[in-house]
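Subject: Structure for your review

Dear colleague,

Please find below the structure that I am handing over to you. My notes on what was found in it follow directly after.

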Amino acid sequence: MSLLRRILPHPLLFLALLAMWLLLMQSLSPGQLLLGSLVAFGGCWVMVALDPPPVRMRRPQAAIRLAGRVFVDVFRSNVAVGRIILGDAERRTHSGFMSLRLDLTSSYGLAILAVVLTCTPGTQWVHYDPARRVLMLHVLDLVDEKEWVRIIKQRYEALLMEIFE
Amino acid sequence: MNAAAILGWSITLAQVLLVLAMACAAMRFIRGPRAQDRIIGLDTFYVNAMLVLLTLGIRSGATLYFEAALVIGMLGFVGTVALSKFLMRGEVIE
Amino acid sequence: MSNGTLLLVALALPFLGSIAAGFLPTHARNAAAVLAGSVAVAGAGIVVFLYAGIADGEPVRLWLPWLPMLGLDFTLRLDGLAWLFAILIFGIGALVVLYARYYMSREDPVPRFFSFLLAFMGSMIGIVASGNLVQLVFFWELTSLFSFLLIGYWHHSATARDGARMALTVTGMGGLCLLIGVLLIGRIVGSYDVDQVLEARDLIVDSSLYEPALVLILLGAFTKSAQFPFHFWLPHAMAAPTPVSAYLHSATMVKAGIFLLMRLWPVMAGTDAWFYLVVPAGLVTLLIGAFIAIFQQDLKGLLAYSTISHLGLITLLLGLGSPLAAVAAVFHTLNHAIFKASLFMAAGIIDHETGTRDLRKLSGLYRYMPFTATLAMVAAAAMAGVPLLNGFISKEMFFAEAVAEHTGSLLDDSLPYWATLAGVFSVTYSLRFILGVFFGPPPVGLAHRPHEPAHWMRFPIELLVLICLMIGIVPSLTVGPVLATAVSGLLESAPPYYSLALWHGFTLPLLMSFIALAGGVLLYVALRRYLESGIEGPPLLRDFKGQRIFEKLLVTISWQWARAAEAALGTRHLQPQMRIVVALAVAAALSPFIVNGAVGAGGLPGSPVAPAFALLWAVGIACALSAAYQAKYHRFAALVLVGGAGLVTCVTFIWLSAPDLAVTQLLVEIVTTVLLLLGLRWLPKRIENVYPSRPPLKVLVRRCIDLSISCSLGGLMAFLAYCLMTRPVPDTVSRFFVERAYTEGGGRNIVNVILVDFRGFDTMGEIVVLCLAALTIFALLRRFRPAPESIAAPEQQRVQNAYDEAEPDRSPGDTVTDYMLIPRLIMNWLFPVIAVFAVYLFIRGHDLPGGGFAAGITLSIAFVVQYMASGTRWVEDHLRVLPLRWMGIGVLTSAATGAGSWWFGYPFLTSHFQYLDIPFIGKVPAASALLFDLGVFFLVVGATVLILIALAHQSLRSSRAAQAAEGGD
Amino acid sequence: MTGTTTPLVEHLAILPVLLPLAVGAFMLLFDERRRLFKMVLSLATVLALLIIAITLIVMVNMPSGDRWSTIFVYPLGNWPPPFGIVLVVDRLAAMMLLLTALLGSATLLFALARWHKAGPRFYTLFLLLLTGLNGAFLTGDLFNLFVFFEILLAASYGLVLHGSGTARVRAGLHYIPINLVASSLFLIGVAVIYGVTGTLNMADLSRIVPTLDGQARVLMEAGAAVLGIAFLVKAGMWPLSFWLPTTYAAACAPIAAMFAIMTKVGVYVILRLFLLCFGDEAGASEEFGALWLYYGGMATIAFGAIGVLASQSMQRLGGYAVLVSSGTLLAAIGTGNSAVISGALYYMATSTLAISAYFLLVELIERGQAAGADVLAVTLEIFGDPEEDIEDEDEEVGVAIPATIAVLGGAFVACTALLAGLPPLSGFIAKFAMLSALINEAGDIPASHWAFVVLLMLSGLGTLIAMTRNGIRTLWVPAENEIPRVRAIEAIPVAGLLFLCAAMTVAGGPTMRYMEATAQILYWPREYAREVLGSGPTSPGRSQTTHPITGGTP
Amino acid sequence: MEIILSIGIGVFAASGVWLILRPRTYQVIIGLSLISYAVNLFIFAMAGGGLRVDAPPIIASGTAGDPSALADPIPQALVLTAIVIGFAMTALFLVVLLAARGRTGTDHVDGREPER
Amino acid sequence: MSAAPDLPLWAALLVSALVIAGALVTLIGSIGLWRLPDFYSRLHAPSLGATLGTGAILIGSMICFSVLQSRPLIHEVLIGLFVTLTTPVTLMLLARASLYRDRVEGNRAAPEHDPEPTEL
Ligand code: NA
Ligand code: NA
């Protein structure tokens with residue numbers, strides 16, 4: 001394990017880069033595999049120089065569940081937001097800021113949460129205070145704040161904590 | 001009406017819609033009123049333009065326009081990040 | 001050694017001597033004088049040696065090729081006339097050198113003086129010995145140049161400087177006219193060769209260009225010889241050391257004009273135009289010079305005006321156009337040179353011994369320096385035309401010519417009276433010179449008691465006065481043969497009969513001489529009181545000072561008018577220049593249409609309009625117009641808007657089949673945005689709205705002009721673009737590229753193959769431009785001095801830091817850390833991803849959109865992203881970037897790839913490609929062009945990173961400077 | 001290896017571009033502390049350029065076959081013209097290369113006394129400027145010309161700003177945007193010409209222009225006109241030249257001296273393209289724009305002369321002298337008379353050398369007032385460049401000897417004579433050659449020629465007046481001023497340049513003959529086109545199928 | 001398409017020229033950017049064979065290209081070079097204007113405020 | 001209109017539907033940019049195009065090219081991935097920046113202090 005780490009410092013990154021290379025080249029030929037491995041290997045070593053916080057993924061299968069949830073939510077909120085936009089003016093005035101306390105501390109987990117919340121139309125990550133562990137959001141349809149807290153904490157945070165902590 | 005024509009017309013329609021979307025975004029960055037409005041307009045403008053490129057690619061039937069779309073997808077955010085950071089910090093690189 | 005070569009030696013000697021003298025130590029005055037003296041003596045010796053042949057009527061000639069295609073060969077030609085002048089130049093030159101050795105003070109840098117003097121001597125010889133008129137002008141201008149240096153020799157004195165400048169300006173101007181005149185003669189005759197010109201009288205006189213040529217040549221001659229109205233420079237040249245006055249302003253340089261008139265006399269004189277141009281000039285000069293000379297208070301001024309007058313006399317004689325008058329002119333030239341040089345030297349001695357040249361202070365010097373006084377008196381008598389002295393004979397000849405009939409005009413008929421009057425004046429000023437200086441009470445207030453000078457200083461005067469006497473008493477024995485030779489040289493034919501006898505019986509000229517002598521004495525007596533009152537200048541002409549007018553004119557034209565004209569015709573502002581450039585470009589582009597009629601659109605049908613494309617451009621146009629509108633007060637908005645316009649351009653490129661352009665444009669767009677933002681940091685806030693209510697009318701008019709200029713250029717470009725896009729296609733050279741890109745360039749992306757192979761040289765140039773821009777930016781930023789308002793950290797940072805400081809649980813910098821917390825993580829991880837993408841773009845470039853440039857920019861964006869995410873210090877702690885090295889390696893790689901083809905014997909940049917069969921991998925294209933592209937990649941990374949980072953570093957530097965300033969307080 | 005290979009000597013054509021480029025880039029690899037190494041290297045490079053230029057002159061001057069002169073065509077990448085880019089060495093190009101090398105050697109030597117320390121990476125900038133100049137003179141391709149123009153401009157921006165300081169930055173603020181606009185015009189012109197003719201090769205262009213139909217010809221002329229404006233901005237024609245005196249006055253002495261050839265690039269290109277495209281064989285487009293050049297040139301002479309008179313500063317005077325020189329050349333080209341042009345070529349060489357010498361000299365003369373280096377700068381080690389500013393002015397820059405002022409004075413007089421067209425140096429011969437050609441034109445002398453003659457004379461007179469005024473003010477008046485300290489390596493370049501002018505006088509015959517032959521060849525565009533286009537690729541048949549080096553089939 | 005592109009080029013150029021005739025350095029640099037877009041499009045429009053949709057000059061299969069089926073690659077190559085040079089010059093001018101702002105205390109193009 | 005590629009009818013219809021749907025969603029998002037009343041609301045608009053709009057068009061593109069070249073061509077996935085990863089970065093930075101600006105300027109649009117965390 002440690003030998004592999006010494007030769008290949010970020011195996012996940014390596015795989016991702018190799019996949020990216022093969023996708024870009026639209027080919028699975030041995031030549032491209034070799035070339036892609038070389039490039040990905042170089043990329044990993046570049047990353048070593050940047051010294052990122054270590055990634056520890058405990059339950060990769062949870063990640064797939066998360067992806068599914070997000071996919072569904074994104075679709076749903078697309079529809080919801082589209083209605084708000086096209087609907088009458090009154091519907092567009094329910095937006096507002098809200099905060100919630102997060103238990104998640106892994107920076108990767110936070111990053112994914114941020115991406116998810118921001119990608120989902122209707123919620124916008126504004127600010128996270130790591131000292132107080134408070135996340136501030138802007139929500140387009142802020143009728144029931146508790147409902148939003150529930151969605152975030154139960155649908156996403158729990159899964160993320162499962163994956164990263 | 002054959003398949004190619006259907007596809008051709010749909011793509012034309014899609015392009016008109018997308019360029020209209022670009023126009024909306026452009027109106028936002030032309031009118032403002034605030035700097036942040038302009039940035040968000042530009043960001044949307046970039047994404048919409050990328051989609052236009054994709055439709056052009058579909059119509060041409062060749063993957064030659066992919067790189068351009070990928071450049072927007074991967075690096076288009078750099079400009080807007082710089083703009084946002086400038087608003088927040090008054091400086092892009094500290 | 002042939003005579004021609006000897007002549008060349010005589011010409012070269014002074015110049016060589018001049019150079020040698022220039023290298024002598026500053027105070028080596030004996031060595032310099034010996035050098036100069038030996039040159040002059042040797043020259044004189046050579047000239048004397050050459051006499052025999054010339055006297056036989058055969059000029060000494062030498063021809064060396066120089067510029068044969070322009071009719072200018074180095075030609076020497078020494079005939080009788082030139083011989084006479086040459087001997088004067090060397091002979092008097094030798095005496096002046098001897099004199100100067102004692103005259104010049106120990107403090108003066110004498111070698112330089114002798115150097116100039118010798119150079120001048122050589123130039124004079126050059127004039128008289130020229131066998132080619134252009135060559136004559138060449139030496140002519142040289143005399144102007146060296147006389148300038150000689151007059152200005154004592155350049156600490158303002159009079160010397162002004163005198164030198166005036167002399168140069170006037171004679172230089174004349175020289176330029178002379179050049180044109182000579183060129184015209186050359187056009188008429190078909191040659192500048194003196195021999196040929198002298199044979200072409202009919203051609204010249206009958207030519208329609210005769211009058212212009214004559215006027216121009218006379219301008220040259222008159223300015224040099226100080227003829228009215230160009231006479232005023234000569235008195236001011238008296239600020240020169242006296243040896244210079246004696247040499248240049250009596251014996252030689254002023255005679256150059258006379259020489260020129262004599263030289264061209266056979267082919268130009270004798271016409272009405274000649275007579276009416278030359279005679280009046282000479283006459284007025286003769287009279288005015290003599291008249292003003294009477295009233296001079298400066299000894300040298302008196303001599304200078306008398307010189308002017310005598311030059312006028314000679315000019316007048318030449319103007320008459322008769323051979324006998326020409327004889328008289330030659331003779332008087334010789335005589336004047338001799339007596340005037342001695343007089344100047346005498347004046348110099350007086351100045352040297354008494355410390356002044358002011359006639360009001362000088363008096364009764366006879367008792368202190370009787371010998372010098374006697375010599376001066378004899379010379380002055382010669383000047384006055386006293387019998388038994390050389391001046392008498394030539395003046396007698398002048399009177400005779402004045403009486404003689406030439407054109408029968410009123411001017412001709414009145415000449416005897418004017419001549420007599422001039423004679424009267426000359427007697428008067430000669431008397432004033434002698435009586436004023438040597439007689440009367442002893443002088444008062446002199447610095448020291450005057451005495452006789454060193455003997456060798458007086459020797460030249462003795463010699464010259466001796467010659468005066470010899471010529472005056474036995475002319476035909478002494479000067480007769482020489483004169484005859486000179487005259488035949490001048491006339492280019494057998495001389496007329498003339499007699500050099502002293503006594504011709506009781507003739508009208510004798511009577512005129514007598515009247516002149518008596519009248520002169522009477523006039524002197526009459527004017528005595530007036531002169532002793534000490535008033536400077538003549539009664540009638542006192543307020544009319546040519547020099548003053550000239551100076552004023554010169555200053556007005558060459559300074560005040562020039563400044564006004566420069567301001568009126570030019571500008572030092574950028575905006576008008578830009579307006580002119582653009583407007584002229586539009587005008588120039590439209591001119592062919594105006595001349596040839598409008599051109600319509602071509603016949604091509606044009607592609608059908610896609611509605612989305614039209615809409616896209618509506619957006620693009622809106623972006624551009626708003627950018628134009630907003631750029632003044634809303635910089636940030638303008639930046640965004642330009643980004644929008646750029647994106648529309650990108651989409652257009654893609655739409656119209658140019659993926660490479662789109663990729664490149666996009667990448668550049670991104671980098672440019674970051675760059676401009678980096679710059680915006682250093683541009684302090686603009687003060688809003690200069691014109692609170694309505695801009696003034698002037699501004700509105702200017703805006704209207706700008707608007708029309710910009711619309712016209714826009715319209716022009718649109719028009720040209722439309723015309724050309726709808727024109728049927730010419731068979732362009734791209735057919736070649738399209739057909740060969742794959743088979744011979746080894747790439748499917750033709751654009752990329754063009755860039756790295758067909759036109760790889762362009763790309764190499766382009767990366768050099770990028771390299772240069774980066775280096776310049778780097779250099780400029782090394783000494784960057786930010787605007788005072790922007791030195792401090794931006795307002796946002798100050799506010800946020802203050803907030804962090806105020807909160808108990810936060811420390812400064814927390815805001816930004818929190819702000820960047822998640823973006824930073826993502827952006828860090830993007831680094832290898834973007835880098836891989838860059839590699840992809842690079843490798844695929846030869847076949848698909850991409851290539852070295854796009855890859856390079858992409859990689860540099862990867863760097864910039866890190867800088868933005870984590871800050872300069874952090875990035876530079878983790879990634880070591882040496883942009884300058886990258887740049888050097890990049891250019892070298894490209895160049896070395898190009899030069900690699902030499903090894904195979906092919907021209908630079910000849911590419912080579914091959915498909916390598918690698919086990920497991922299969923066929924891999926390996927083109928040398930890829931290596932070339934690698935160089936491009938390196939350079940682009942280096943240069944772009946250098947530009948961005950050098951700019952980003954300014955924040956660090958200024959914060960460091962601010963800290964240092966705080967620490968200092 | 002197949003096919004014939006290029007004789008080694010033919011690669012000489014690329015060296016004037018490649019050598020300074022490679023050395024300049026090479027020096028980027030070393031940090032600024034290795035100054036001696038860089039000095040030696042850059043000096044060796046300019047000397048090599050000088051030798052190459054002389055060799056090329058000798059080579060083009062050799063008769064080849066039935067002709068008395070040789071044109072070398074160097075097909076880059078071995079692609080045959082008009083498709084690939086070619087370098088063309090003819091008499092004119094060779095002469096310009098020599099001038100550049102001469103100026104380069106002189107100014108570099110001068111700069112090594114102290115100016116090289118005034119900013120980072122001086123040597124690279126300087127050598128790349130030479131690259132740009134040489135490339136512009138050599139290239140036979142219109143767009144490649146643009147690229148080299150940009151190289152030389154980019155280098156010149158860097159060098160104008162070299163040493164920084166407010167005046168230079170302010171000058172750059174005008175110089176750069178104006179040239180950027182001119183470059184845009186350049187591109188528009190090139191694009192139109194390509195759109196009409198479908199080619200970028202100059203020789204090909206000269207072949208195509210006479211065959212264009214009416215509409216195409218008008219469009220082509222419009223493109224050429226825009227292109228012409230771009231060149232005229234660089235050549236400094238009035239009223240496109242107001243930036244020039246300010247810029248030249250602001251640049252440090254060796255750079256201003258090197259810039260003496262920058263306007264000549266514009267003139268060179270106009271001369272070349274004008275005669276190639278609109279010469280005697282251009283059909284209906286013959287002499288297009290000649291009147292513009294003629295009267296514009298004369299206006300430039302007038303404005304330059306006025307400026308020379310109106311200048312208080314010696315540097316500014318030099319800038320205006322550049323304008324006079326440019327105007328003279330432009331008007332001479334506008335006459336369309338080959339005799340005038342051969343005189344003008346001689347004049348070009350002379351005035352370039354003279355102006356260069358003048359700028360160097362002025363700095364030496366005015367050394368007393370030299371502004372000190374000012375700014376402190378901090379640099380991060382990241383660039384591998386230590387901070388090192390130009391040393392204090394107290395540093396010994398030369399020995400003050402009493403003769404210095406005399407030497408400087410003598411040099412100043414020589415410059416005056418050169419610029420005013422007075423003997424004994426080549427300025428007189430140059431002016432005489434042009435005047436003689438103007439006056440000896442067949443038939444009656446037209447009034448416009450008289451105007452040109454008068455302007456030539458008056459500009460000479462104006463220069464004489466102004467230069468004596470300034471020379472007296474600086475060299476003769478200040479008796480109390482300190483004698484400037486001058487180093488030998490500063491005096492030698494000035495002396496060398498002036499010596500060259502003297503040599504051009506003495507060897508007037510051969511020099512003038514060269515110019516005459518140069519002018520004549522410019523009048524035979526068909527000959528030029530045949531030489532350039534006729535030269536195929538090095539190995540026979542490249543344009544058909546085979547690749548020069550055996551490669552695999554794709 | 002031709003007429004649209006022509007008008008677009010014209011407007012870009014006109015806006016750019018309007019800006020470079022303005023007195024503030026920042027306006028000039030924005031104007032130069034717009035002009036360079038216009039010029040690049042102009043060069044691009046000079047393609048022999050006119051504007052082409054869906055015909056990028058990239059050879060599909062490994063054979064010699066067919067000139068009539070592909071867009072003219074030369075203007076594209078020229079524009080690429082022009083883009084790079086334009087970028088370099090924009091960067092350079094930007095730094096010069098910053099330096100001028102710092103040294104002269106004004107952002108006027110003449111390096112000094114005009115006297116009113 | 002230049003010809004579109006020749007797909008089988010089912011694919012053509014599918015691709016057309018996806019592309020038009022994507023474009024429509026994107027347009028709605030951009031209209032939101034125009035119609036939504038304040039900046040923070042407008043922040044939500046672009047994510048329509050960045051998610052569903054992009055996704056639909058990308059899938060259309062993938063189907064199109066896979067059918068055309070008769071092999072799975074899914075490199076467009078990368079575009080979706082990067083858009084998903086990078087758009088949030090911009091929006092997060094922008095949202096926080098405007099919050100700062102509004103607070104400094106005292107605009108009503110932004111709360112003066114963070115709202116208290118909502119607890120369940
Ligand atoms: Na969202
Ligand atoms: Na490429």
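How far apart do the closest C-alpha atoms of chain A and chain D lie, given that no contact joins the two chains? The separation is 16 Å. Please bear in mind throughout that this is a predicted model. Chain D does not touch chain F either, and the nearest C-alpha atoms of that pair are 23 Å apart.

Interface of chains C and D

Eleven pairs of chains touch, and among them chains C and D have the most contacts. On the side of chain D 157 residues take part, and they meet 130 residues of chain C. The two chains bury about 13000 Å² between them, with carbon and sulfur atoms accounting for 73% of that area. The rule finds two salt bridges across this interface. One of them pairs Glu566(C) with Arg316(D), whose closest N and O atoms are 3.8 Å apart. Polar contacts across the interface of chain D and chain C number 24 residue pairs, with both residues at pLDDT 80 or more. On the side of chain D that touches chain C, helix α6 (residues 166–197) of chain D supplies the largest share, with twelve residues. By class, that side of chain D consists of 99 nonpolar, 40 polar and 18 charged residues.

Interface of chains E and B

Chain E contributes four residues to its contact with chain B, and chain B contributes five. The area buried between chain E and chain B is about 350 Å², and 61% of it comes from carbon and sulfur atoms. On the side of chain E, the residues that lose the most area to chain B are Asp54(E), Pro56(E) and Ile58(E), which together give 91% of what that side buries. A single salt bridge is found across this interface. In that bridge the side chain of Asp54(E) meets the side chain of Arg59(B), at 4.0 Å from N to O. The count of residue pairs in polar contact between chain E and chain B, with both at pLDDT 80 or more, is zero. The side of chain E that touches chain B has three nonpolar residues, one charged residue and no polar ones.

Sodium sites

The sodium ion (ligand 1) is coordinated in chain A by the O atoms of Leu117(A), Thr118(A), Thr120(A) and Thr123(A), at 2.2 to 3.0 Å. Along the chain, these donors follow the spacing L-T-x1-T-x2-T. Thr118(A) has a relative accessibility of 1% and therefore counts as buried. Thr120(A) is also buried, because its relative accessible area is 8%, under the limit of 20%.

The sodium ion (ligand 2) has its protein donors in chain C: Asp660(C) through OD, Asn752(C) through ND2 and Gly850(C) through O, at 2.3 to 2.8 Å. Their spacing in sequence is D-x91-N-x97-G. Two of these donors come from distant parts of the chain, with Asp660(C) in helix α27 (residues 659–680) and Asn752(C) in helix α30 (residues 750–758) of chain C, 92 residues apart. Asp660(C) counts as buried at 4% relative accessibility, and Asn752(C) is buried with a relative accessible area of 4%.

Backbone and loops

Two cis peptide bonds may be of interest to you. One joins Gly32(B) and Pro33(B), with omega about 5 degrees, and Pro33(B) sits in the loop between α1 (3–31) and α2 (35–60) of chain B. Another joins Pro81(D) and Pro82(D), with omega about 5 degrees. Pro82(D) belongs to the loop between β1 (72–75) and β2 (86–89) of chain D.

In chain A, Gln26(A) has a positive phi, near 50 degrees, although it is not a glycine. Gln26(A) is placed in the loop between α2 (11–25) and α3 (30–50), and it is buried, with a relative accessible area of 18%. Arg133(A), likewise not a glycine, has a positive phi of about 55 degrees. Arg133(A) lies in the loop between β2 (123–129) and β3 (134–139) of chain A and counts as partly exposed, because its relative accessibility is 35%, between the limits of 20% and 50%.

Finally, Pro484(D) is located in the loop between α17 (447–476) and α18 (488–506) of chain D. Pro484(D) is buried, with a relative accessible area of 7%.

With kind regards

Notes
Residues numbered from 1 in each chain as written. Chains lettered and ligands numbered in written order. Predicted model: local features only at pLDDT ≥ 70, side-chain atom pairs only at ≥ 80, totals over all residues. Heavy atoms only, no water. Contact = heavy atoms within 4.5 Å. Buried area = accessible area lost by both parts, 1.4 Å probe. Polar contact = N/O pair within 3.5 Å; in protein donor to acceptor, adjacent residues only side chain to side chain. Helix = DSSP H or I, 4+ residues; strand = E, 2+ residues; numbered from the N terminus. Nonpolar A, V, L, I, M, F, W, Y, C, P; charged D, E, K, R; others polar. Donors = N, O, S within 2.8 Å, 3.2 Å for Na, K, Ca; no water. Buried < 20%, exposed > 50% of the residue type's maximum accessible area, 1.4 Å probe, protein only.
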